[in-house]
Amino acid sequence: SQLSKMVDIRVNGRQSEAVRRRKRQLATLVAKSRHRRDLSESGYMAFSKRVLKWRLIGEGYSSQLSVEDQRYIFRLAFRMWSEVSPLEFVEDRRSPLEDVDIRLGFGTGRHLGCNQRFDGTGQEFAHAWFLGDIHFDDDEHFTGPNAGSGISLLKVAVHEIGHVLGLPHIYRAGSIMQPSYLPQESGFEMDWMDRKAIQQLYGGCKGRFNTAFDWIRKEKTPYGEVVIRFNTYFMRDGSYWLYENRNNRTRFGDPVALQAGWRGIPMNGVDAYVHVWSRKKDAVYFFKGAQFWRYDNENDRAFRQDPEGHRYPRLISEGFPGVFGPIDTAFYDRRDSRIYFFKNTLVYAFDVEADGLARGFPKNIREVFPPVVSGDHPDGNIDASYFSYTHNAVFLLKGARFWQVLGSRDRWRRPFLPRNGLLPHKEVVEHWFDICNVHPTALKLSR
Ligand SMILES: [Ca+2]
Ligand SMILES: [Ca+2]
Ligand SMILES: [Zn+2]
Ligand SMILES: [Zn+2]
């Protein structure tokens with residue numbers, strides 16, 4: 001599947017005429033392929049599968065780094081692209097070579113049966129084919145991440161993988177797809193442009209969540225003031241993401257394995273998270289199946305036994321009389337001190353002060369959260385719900401969609417709208433960016 005050859009030149013400073021010429025060639029190639037793609041609309045330059053196999057080929061090891069280091073750096077480089085796109089990458093050391101999507105190797109001069117010669121130290125560092133292989137010039141002084149000297153193999157690999165996935169050069173400071181290599185940068189992140197470029201080819205990241213929540217904690221400033229801080233978290237299967245509301249994307253390096261960040265809770269996803277936060281009570285709970293766990297924020301692990309003497313996990317029906325697990329999701333509403341539990345098409349409002357169900361509950365979800373536009377409603381089986389402190393609003397998430405619950409300010413402005421009405425749905429992928437899975441084999445990769 002070698003569509004077009006990509007002569008990839010990376011130089012520091014002045015460029016030779018040959019380099020400039022080859023760059024023009026590249027620009028032409030890219031323009032041509034773009035044109036074809038626009039004509040066909042068939043994703044010509046993009047892989048059609050979502051899980052791609054790669055291998056560092058045995059006859060192509062670098063003489064400069066240990067094989068383990070080379071493989072680690074490539075795993076990391078592939079993972080960085082999967083963190084910002086729907087693609088997942090898995091190292092495949094067993095399948096026949098022709099079944100491997102992306103083969104990587106080092107060589108000098110004439111190398112690996114390639115029809116392009118490498119040029120010795122300097123100039124060209126590597127080259128790659130759209131939807132194909134990557135070769136690295138082993139005459140370059142490649143080093144591991146944060147080595148401080150030499151040429152970062154990680155940066156070069158991330159750049160070349162970008163080409164393999166279909167990206168042209170991006171002429172913008174901060175982009176990993178800039179044509180020239182910038183040395184002496186400690187660490188780097190995927191730039192906003194790189195994220196948008198890869199998502200233009202492969203779309204945004206989609207998937208259901210087990211739960212989503214704002215994790216609130218009170219912190220004392222050096223002046224003794226108590227300030228409220230919060231972070232937004234998304235959980236899916238064995239992974240979680242911290243969402244940076246300010247940057248409108250996930251934290252660089254996420255997802256993280258659930259067990260690495262949350263100790264003592266079920267490791268293959270939870271149904272719901274609730275933070276009860278009233279004058280009398282400040283408690284954090286995770287729910288799964290018929291049980292729930294109380295989380296000790298101070299010691300960052302689930303309680304085995306809480307200060308009130310309760311042992312965990314406990315039955316939901318014991319801790320919240322009238323509510324029976326499993327539940328779909330839940331959230332705590334500070335405004336009326338109620339926990340709203342969702343189960344199929346029913347809503348159970350649990351009054352924390354009265355320690356029991358609010359009068360008249362359970363009720364049908366359409367009665368408690370009526371649609372603002374008739375017919376635009378999740379109907380039940382919600383995946384996740386949470387009160388967002390950033391948006392000062394409750395969100396209900398289901399599949400690829402979400403519904404925002406009308407707040408008091410919306411109703412003050414438009415009093416004809418129903419109380420707790422659900423605004424028409426929107427797509428999750430258009431509101432929260434870069435919540436992308438990585439392949440399970442890359443989840444526990446440490447940086
Ligand atoms: Ca070279
Ligand atoms: Ca859930
Ligand atoms: Zn390039
Ligand atoms: Zn080559």
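Trainee: How many helices and how many strands are there in the chain?

Mentor: In this predicted model the chain holds eight helices and 27 strands. Of its 447 residues, 38% are buried, and residues 24 or more positions apart account for 56% of the contacts with a separation of 6 or more.

Trainee: What makes some stretches of the model less trustworthy in detail, and what is the mean pLDDT of the chain?

Mentor: The mean pLDDT of the chain is 88, and 89% of the residues reach 70 or more. Over residues 1-6, however, the pLDDT is below 50, although this stretch has 16 contacts in the model beyond near neighbours in sequence. Residues 9-43 also have a pLDDT below 50, with 32 contacts beyond near neighbours in sequence. Where pLDDT is low, the predicted coordinates should not be read in detail.

Trainee: Which residues does UniProt list for "binding site", and how do you know that they cluster in space?

Mentor: The UniProt record, an unreviewed entry, lists Asp119, Gly120, Asp137 and Glu140 under that heading. They are spread over 22 residues of sequence, yet the largest C-alpha distance among them is 9.8 Å, and that is the value behind the word cluster.

Trainee: Is Gly120 called buried or exposed, and why?

Mentor: Gly120 sits in the loop between strand E4 (102-107) and strand E5 (126-129). A residue is called exposed if 12 or fewer other C-beta atoms lie within 10 Å of its own, and Gly120 has 12, so Gly120 counts as exposed.

Trainee: What is the verdict for Asp137, buried or exposed, and why?

Mentor: Asp137 belongs to strand E6 (residues 134-137). The cut-off for buried is 20 or more other C-beta atoms within 10 Å, and Asp137 has 25, so Asp137 is buried. Leaving aside neighbours within four places in sequence, Asp137 is in contact with Thr108, Phe118, Glu124, Phe125 and Ala126.

Trainee: Where is Tyr312 found, and why is Tyr312 given the label buried or exposed?

Mentor: Tyr312, which the unreviewed UniProt entry lists as "modified residue: Phosphotyrosine", is found in the loop between strand E17 (301-302) and strand E18 (314-315). With 20 other C-beta atoms within 10 Å, Tyr312 meets the cut-off of 20 or more and is therefore buried. Not counting residues up to four places away in sequence, Tyr312 touches Trp293, Arg294, Ala302, Phe303 and Arg304.

Trainee: Which residues of helix H4 are buried, and how do you know whether they line one face of the helix?

Mentor: In helix H4 (residues 192-202) the buried residues are Asp194, Arg195, Ala197 and Ile198. Seen down the axis of H4, these buried residues fall within an arc of 165°, so they line one face of the helix. An α-helix has 3.6 residues a turn, so residues three or four places apart point the same way. The buried residues of H4 pack against helix H2 (67-82), and just after H4, Gly203 takes a positive phi of about 85°.

Trainee: How do you know that strand E14 and strand E15 pair, and how do they run?

Mentor: Two strands pair if at least two bridges are found between them, and six bridges join E14 (residues 272-277) to E15 (residues 282-288), so the two strands pair, and they run antiparallel. One of the bridges links Trp277 to Asp282 in E15. With four residues between them, E14 and E15 form a hairpin.

Trainee: What makes Asn392 and Asn420 worth a remark about phi?

Mentor: Most residues other than glycine have a negative phi, and most peptide bonds are trans. Phi of Asn392 is near 50°, a positive value, and phi of Asn420 is near 60°, again a positive value. Asn392 lies in the loop between strand E24 (384-388) and strand E25 (393-398), and with 10 C-beta neighbours inside 10 Å Asn392 counts as exposed. Asn420 lies in the loop between helix H8 (408-413) and strand E27 (426-427), and because 17 C-beta neighbours is a count between the two cut-offs, Asn420 is called partly exposed.

Trainee: Which residue is joined to Pro255 by a cis peptide bond, and which to Pro362?

Mentor: Asp254 is joined to Pro255 by a cis peptide bond, with omega about 10°, and Phe361 is joined to Pro362 by another, with omega about 5°. Pro255 is in the loop between strand E12 (249-250) and strand E13 (256-257), while Pro362 is in the loop between strand E22 (356-357) and strand E23 (363-364).

Methods
Residues are numbered from 1 along each chain as its sequence is written. Chains are lettered from A and ligands numbered from 1 in the order in which they are written. This is a predicted model: local features need pLDDT of at least 70, side-chain atom pairs count only at pLDDT 80 or more; totals for chains, interfaces and linings use all residues. UniProt positions are given in the numbering used here, feature names are shortened, and annotations may be inferred rather than shown by experiment. Two residues are in contact if their C-beta atoms, placed from the backbone, lie within 7 Å. The arc is that of the directions from the helix axis to the C-beta atoms. pLDDT is the predictor's confidence in each residue, from 0 to 100.
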